[in-house]
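Q: Hi! Could you walk me through this structure before I head back to the bench?

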Amino acid sequence: MSVHRLEATQFLPVTVDEAWRFFSDPRNLALITPPWLDFTLTSADLPEQMYEGLIIAYTVRPALNIPVKWVAEITHVREGDYFVDEQRSGPYSLFHHEHHFRAVQGGTEMRDIVHYAAPLGPLGDLIVRLQVRGKLDQIFSYRRKVLEQRFGGG
């Protein structure tokens, strides 16, 4: 199993507090997920703000319109600074997503670091190269555009 890394940085022309309020509300995940994934929250009664230990369940349709159940846990939270979500059940062998927020002149620098691995050993690595990495890039590109429309910047 190879562990792959994706890193993305985006400037938001808002305070860290405003960026944090948006990203710490787990219900906003649907707003920044591309429609083609058919993202559907299945967790009942999600809170307005995440906390360590929060379990979030949803389904997505990443390929061939087949629904995939995904369960994530918020494993670390340092308010206004960073949080980490980790897949507990889903399509990856490993999916660890760090979200970092840093005040910079004129706004907030938001940095994502994702470590992920596909199942199936060498075959999974081939699937990552042929399809998965491109899909992840598309997801982050979509999110970038949505956030630019919501908060401005670019």
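A: Happy to; we can talk about the core and then the salt bridges. Keep in mind that this is a predicted model.

Q: Sounds good. How many residues does the largest nonpolar core have?
A: That core has 34 residues. Those with the most contacts inside it are L12, F23, F101, Y116 and L147.

Q: Which elements give two or more residues to this core?
A: There are strands and helices on that list. The strands are β1 (4-12), β3 (55-60), β4 (68-78), β6 (94-104) and β7 (107-117). The helices are α1 (16-23) and α2 (121-151).

Q: And which one gives the most to this core?
A: That would be α2, with 6 residues. As background, nonpolar side chains in soluble globular proteins tend to be buried together.

Q: Let's zoom in on F101. Which residues does F101 touch, leaving out those up to four places away in sequence?
A: Going along the chain, F101 touches V16, A19, W20 and F23. F101 also contacts G80, D81, Y82 and F83. Finally, T108, E109 and M110 complete the set.

Q: Okay, new topic: charges. How many salt bridges does the structure hold?
A: It holds 9 salt bridges. In general, side chains of opposite charge can pair when their charged atoms come close.

Q: Which residues are linked in a network of salt bridges?
A: R5, E7 and R111 are linked that way. R5 pairs with E7, with the closest N and O atoms 2.6 Å apart. R111 also forms a salt bridge with E7, and there the closest N and O atoms are 3.4 Å apart.

Q: Where do R111 and E7 sit in the chain?
A: R111 is in strand β7 and E7 is in strand β1. The two are 104 residues apart, so this pair links distant parts of the chain.Q: Are the three residues in that network buried or exposed?
A: They are partly exposed. R5 has a relative accessible area of 41%, E7 comes in at 40%, and R111 has 27%.

Q: What does R102 meet in a salt bridge?
A: The side chain of R102 meets that of E109, at 3.2 Å from N to O. R102 is partly exposed, with a relative accessible area of 46%. E109 is partly exposed as well, at 23%, and E109 is also one of the residues that F101 touches.

Note on methods: Residues numbered from 1 in each chain as written. Predicted model: local features only at pLDDT ≥ 70, side-chain atom pairs only at ≥ 80, totals over all residues. Heavy atoms only, no water. Core = buried A, V, L, I, M, F, W, Y, C linked by side-chain atoms within 4.5 Å. Buried < 20%, exposed > 50% of the residue type's maximum accessible area, 1.4 Å probe, protein only. Helix = DSSP H or I, 4+ residues; strand = E, 2+ residues; numbered from the N terminus. Contact = heavy atoms within 4.5 Å. Salt bridge = Lys/Arg side-chain N within 4 Å of Asp/Glu carboxyl O.
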